[in-house]
Amino acid sequence: MALSDGIESHRAFSDGWRGLRDFLLSSRRFQRFAAAFPLTRPIARRRAADLFDLCAGFVYSQVLAACVRLDLFAQLRGGPLPVATLAARASIPVGAMVTLLEAGASLRLLERRGDQRYGLGPLGAAMLGNPGVAAMVEHHAALYTDLADPVALLRGELDQRKLGRYWPYAGQASPSAVTREGASSYTALMSASQPMVAEMVIGAYSFAKHRCLLDVGGGDGSFLIAVGGQAPELELRLFDLPGVASIARDRFAEAGLRNRMSVIEGNFLANPLPSGADVISLIRVVHDHDDDVVMQLFARVREALPKDGVLVIGEPMSSESGPDPTSAYFGLYLHAMGSGRPRSFAALREMLKQSGFRDVRSRATRIPMIAKVAVARA
């Protein structure tokens, strides 16, 4: 049997099996049987719970948003508080506050502690250690506006996209025109969430063996400051748009690192990257851009690196085995933003090889959902 015949036979079998599965799962009669039969009952209940979570997902996210905006997690850091106290602080009627607290408890954000008192739940406590998550929760108001009519968004029928306006470099014909004022909000958001990503990247790759690091699209310098703590002898450089670069200079001065770090203004879509670094990092930069832009960027990185220089990419990446929640989130987020797409390591590896890089490898991170790491050699 020819290889093509074997592949076609496997595909036909797989399609047939999935067709039978879909037919059974869509049958109300089979659903009733599965819910009643002891061996399939746990599966039926789990499927029903999964479907309910999909339907209720927006409500869940708004419960979290309300907890964040009312600063409930910080209020409960010292221990449980009475409902009446929390309601008075929020200027919300006691009955409505109970509704929110019970919803938060059902999502493990909060916990009921006896009669009319609530404290932190395990997920609410985790929020306190990850301020970047709270910043993203607040930011999602813009995403939800764009997703109010997801079909219109996908058809391209929205005249204005809030995310496109929030990330001005994504929709600007000339990103260099982005001012400090225009960059301040998204730079602050990136700064709040950068420690989580930096921790994943630094845990996966040691920069201490290098002489000079150039962070391209480095924002306010949060990633470089984190790397500087790991590699005290490393020379640190940042390359970003002029409006962003001025924010980085102030941040370095506040951190007492002005003499160790240098900031270069430029637009990697139009300007060559400065040479002299033996390692270049792209942290949450690649997935923000379309393939043609990424290939231009990789070419500029390749030109700027010496022989055997290293490129480090750190960002969320899609699964190698198929669609996953990360792809679902970033796929729609980046579509609303108007630029970029989630990519798997395999896709990045192919693009890097086409750009002249070699020895492209993935580095394991502690929490891949936050960021994965790819390393390539020039």
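**Notebook: a three-strand sheet and a helix pair**

I began with helix 6, residues 94-106, which lies across strand 2 and strand 3. I read its direction against strand 2 as about 110 degrees. I keep in mind that this is a predicted model.

Next I looked up the sheet under that helix entry. I found an open sheet of three strands, in the order 1-3-2. The pairing is antiparallel. I noted strand 1 (81-82) and strand 2 (110-112) as the edge strands. Each of these two pairs on one side only.

I then took the pairs one by one. Strand 1 and strand 3, residues 117-120, run antiparallel and are joined by two bridges. I checked L81 and found Y118 in strand 3 as its bridge partner. Strand 2 and strand 3 are also antiparallel, and I list three bridges for them. Here L110 stands opposite L120 of strand 3.

I went on to the turn. Strand 2 and strand 3 form a hairpin with four residues between the strands. Which residue of this hairpin takes a positive phi? I found G114, with phi near 80 degrees.

I moved to a helix pair. I chose helix 8, residues 131-146, and helix 16, residues 325-337. Their axes come within 10 Å. I read the crossing angle as roughly 65 degrees. Angles of 65 to 115 degrees count as roughly perpendicular, so I enter helix 8 and helix 16 as roughly perpendicular to each other. Is the crossing left-handed or right-handed? Helix 8 passes helix 16 in a left-handed crossing.

I listed the contact residues next. Helix 8 brings M136, H139, H140, L143 and D146. Helix 16 brings Y329, Y333 and A336. I sorted this contact by class and got five nonpolar residues, two polar and one charged.

Last, I took totals for the chain. I count 17 helices and 10 strands. The chain has 378 residues, and 42% of them count as buried. How many of the contacts between residues at least 6 apart in sequence join residues at least 24 apart? The share is 66%.

To close, I restate two entries. Strand 3 pairs with strand 1 over two bridges and with strand 2 over three. Helix 6 lies across strand 2 and strand 3.

Methods. Residues are numbered from 1 along each chain as its sequence is written. This is a predicted model: local features need pLDDT of at least 70, side-chain atom pairs count only at pLDDT 80 or more; totals for chains, interfaces and linings use all residues. Side-chain values use heavy atoms; hydrogens and water are left out. Axes are lines fitted to C-alpha atoms, for helices over the stretch in contact, and angles run from 0 to 180 degrees between N-to-C directions. Angles under 35 degrees count as roughly parallel, over 145 as roughly antiparallel, 65 to 115 as roughly perpendicular and the rest as oblique. A crossing is left-handed if the near helix is turned anticlockwise from the far one by less than a right angle, and right-handed if clockwise. Contact means heavy atoms within 4.5 Å. Ala, Val, Leu, Ile, Met, Phe, Trp, Tyr, Cys and Pro count as nonpolar, Asp, Glu, Lys and Arg as charged, and the others, Gly among them, as polar. Two strands pair if DSSP finds at least two bridges between them. Buried means under 20% relative accessible area, exposed over 50%, partly exposed in between (1.4 Å probe, protein chains only).
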